[in-house]
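These are my notebook entries on a structure that is new to me. I wrote down what I looked up, topic by topic.

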Amino acid sequence: MAGHSKWANIQHRKGRQDAARSKLFSKLAKEITVAAKMGDPDPDKNPRLRLAVKEAKSQSVPKDVIERAIKKSQGGDSENYEEIRYEGYGPGGVAVIVEAMTDNRNRTASTVRSTFGKNGGNLGETGSVGFMFERKGQVVYPADAGDADTVMMAAIEAGAEDVESSEEGHIIWCADTDLNDVSNALEAELGESETTKLVWQPTTTTELDLDGMQKLMKLVEALEDDDDIQNVTTNFEASDEVLAQL
């Protein structure tokens with residue numbers, strides 16, 4: 001499996017998930033508020049909101065936090081968040097896509113630019129690395145959801161494009177526009193997923209050694225620590241030996 005699929009495992013091993021849980025909750029809540037504000041506050045009538053709620057539940061966000069985030073979207077005093085994508089290069093020439101949701105474009109741009117600069121990267125123009133990725137739907141199931149053949153058959157029937165199965169679990173890929181339908185069909189067959197979201201899937205990758213991976217992790221973690229940043233995606237590839245040493 002490509003190195004980028006193992007990013008979550010690296011963070012988990014480092015204990016980052018527990019340390020960043022409250023930050024993760026607030027980012028998921030922000031996505032729910034924006035999705036509800038842009039469309040219908042009823043998840044059944046708003047695919048983006050339904051996916052945001054589903055992802056929040058999979059990360060154990062409490063029900064009252066989810067309901068509060070939806071209610072907040074209907075209040076006249078809710079912040080106006082703007083969605084912005086930044087693109088650049090990290091250490092070792094790795095392509096980096098940063099997705100932000102901000103109420104202050106200048107503040108976020110300044111922070112992202114300086115974070116790249118301080119961590120051996122360069123912020124580029126929009127489109128400077130985007131061509132190395134495809135927008136895809138990603139549904140992740142644990143290994144015990146079924147064997148590879150069972151999950152593959154369910155994915156084909158659901159209209160998915162590809163499945164990566166390993167000891168760590170199953171990653172199901174589909175067209176970005178099909179994610180809502182595919183995830184619903186999979187849920188009927190396999191139960192609740194671990195995560196369901198839109199992601200940037202690298203079409204080309206850049207191999208990193210241990211030093212390069214350590215530098216890249218510093219950049220990504222610095223970006224993720226900013227409250228305005230929702231997601232950071234890279235196209236790194238690393239051997240199992242390198243990943244084991246992190």
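Before anything else I fixed my terms: a residue is buried when its relative accessible area is under 20%, exposed when it is over 50%, and partly exposed in between. I also keep in mind that this is a predicted model.

**Entry on salt bridges**

With those cut-offs in hand I turned to Asp103, which counts as partly exposed because its relative accessibility is 45%. The side chain of Asp103 meets that of Arg107 in a salt bridge, at 2.9 Å from N to O, and Arg107, at 37% relative accessibility, is partly exposed as well.

I then asked how many salt bridges the structure holds. The count is 13, and I followed some of them further.

The side chains of Arg105 and Glu82 meet in a salt bridge at 2.5 Å, N to O. This pair links distant parts of the chain, since Arg105 sits in helix α6 and Glu82 in strand β1, 23 residues apart. Arg105 is partly exposed at 45% relative accessibility, and Glu82 is partly exposed with a relative accessible area of 33%.

I next looked up Lys136 and Glu161, whose side chains meet in a salt bridge at 2.7 Å, N to O. Lys136 belongs to strand β4 (residues 133-141) and Glu161 to the loop between α7 and β5 (162-166), so the pair ties together parts that are 25 residues apart in sequence. Is Lys136 buried or exposed? At 12% relative accessibility Lys136 counts as buried, whereas Glu161 is partly exposed, with a relative accessible area of 48%.

I also noted a network of salt bridges that links Glu31, Arg48 and Glu83.

**Entry on helix α7**

Which residues of α7 are buried? I found Val151, Ala154, Ala155 and Ala158, and they cover an arc of only 100° around the axis, which puts them on the same side of α7. The face turned away from the buried side of α7 carries the exposed residues Asp149, Ile156 and Glu157.

Ile156 came up again when I looked at the surface, where Met152, Met153 and Ile156 make a nonpolar patch of about 280 Å². Met152 lies in helix α7, which runs over residues 148-158, and at 34% relative accessibility Met152 counts as partly exposed.

**Entry on helix α8**

I checked the length of helix α8 (residues 179-190) against expectation: at 1.5 Å a residue its 12 residues should span 16 Å, and the end C-alpha atoms are 15 Å apart, which agrees. The buried residues of α8 are Leu179, Asn180, Val182, Ser183, Leu186 and Leu190. Seen down the axis of α8, these buried residues fall within an arc of 165°, so they line one face of the helix. Asp181, Ala188 and Glu189 are exposed on the face of α8 turned away from its buried side.

**Entry on the nonpolar core**

In soluble globular proteins, nonpolar side chains tend to be buried together. With that in mind I looked up the largest nonpolar core, which has 22 residues, and found that Phe116, Met213, Leu223 and Phe236 touch the most other members. The elements giving two or more residues to this core are β1 (82-89), β2 (95-102), α6 (105-118), α9 (210-224), β9 (229-234) and α10 (240-245). I closed the entry by asking which element gives the most to this core, and α9 does, with six residues.

Conventions: Residues are numbered from 1 along each chain as its sequence is written. This is a predicted model: local features need pLDDT of at least 70, side-chain atom pairs count only at pLDDT 80 or more; totals for chains, interfaces and linings use all residues. Side-chain values use heavy atoms; hydrogens and water are left out. Patches are made of residues with over 30% relative accessible area and no salt bridge: like charges are joined within 9 Å, nonpolar side chains (Val, Leu, Ile, Met, Phe, Trp, Tyr) within 5 Å. Accessible areas come from the Shrake-Rupley method with a 1.4 Å probe; for residues, only the protein chains shown count as cover. A salt bridge is a side-chain nitrogen of Lys or Arg within 4 Å of a carboxyl oxygen of Asp or Glu. Helices (H or I, at least four residues) and strands (E, at least two) are DSSP runs, numbered from the N terminus. Buried means under 20% relative accessible area, exposed over 50%, partly exposed in between (1.4 Å probe, protein chains only). A nonpolar core is a set of buried Ala, Val, Leu, Ile, Met, Phe, Trp, Tyr and Cys residues joined through side-chain atoms within 4.5 Å. The expected span of a helix is 1.5 Å times one less than its number of residues. The arc is that of the directions from the helix axis to the C-beta atoms.
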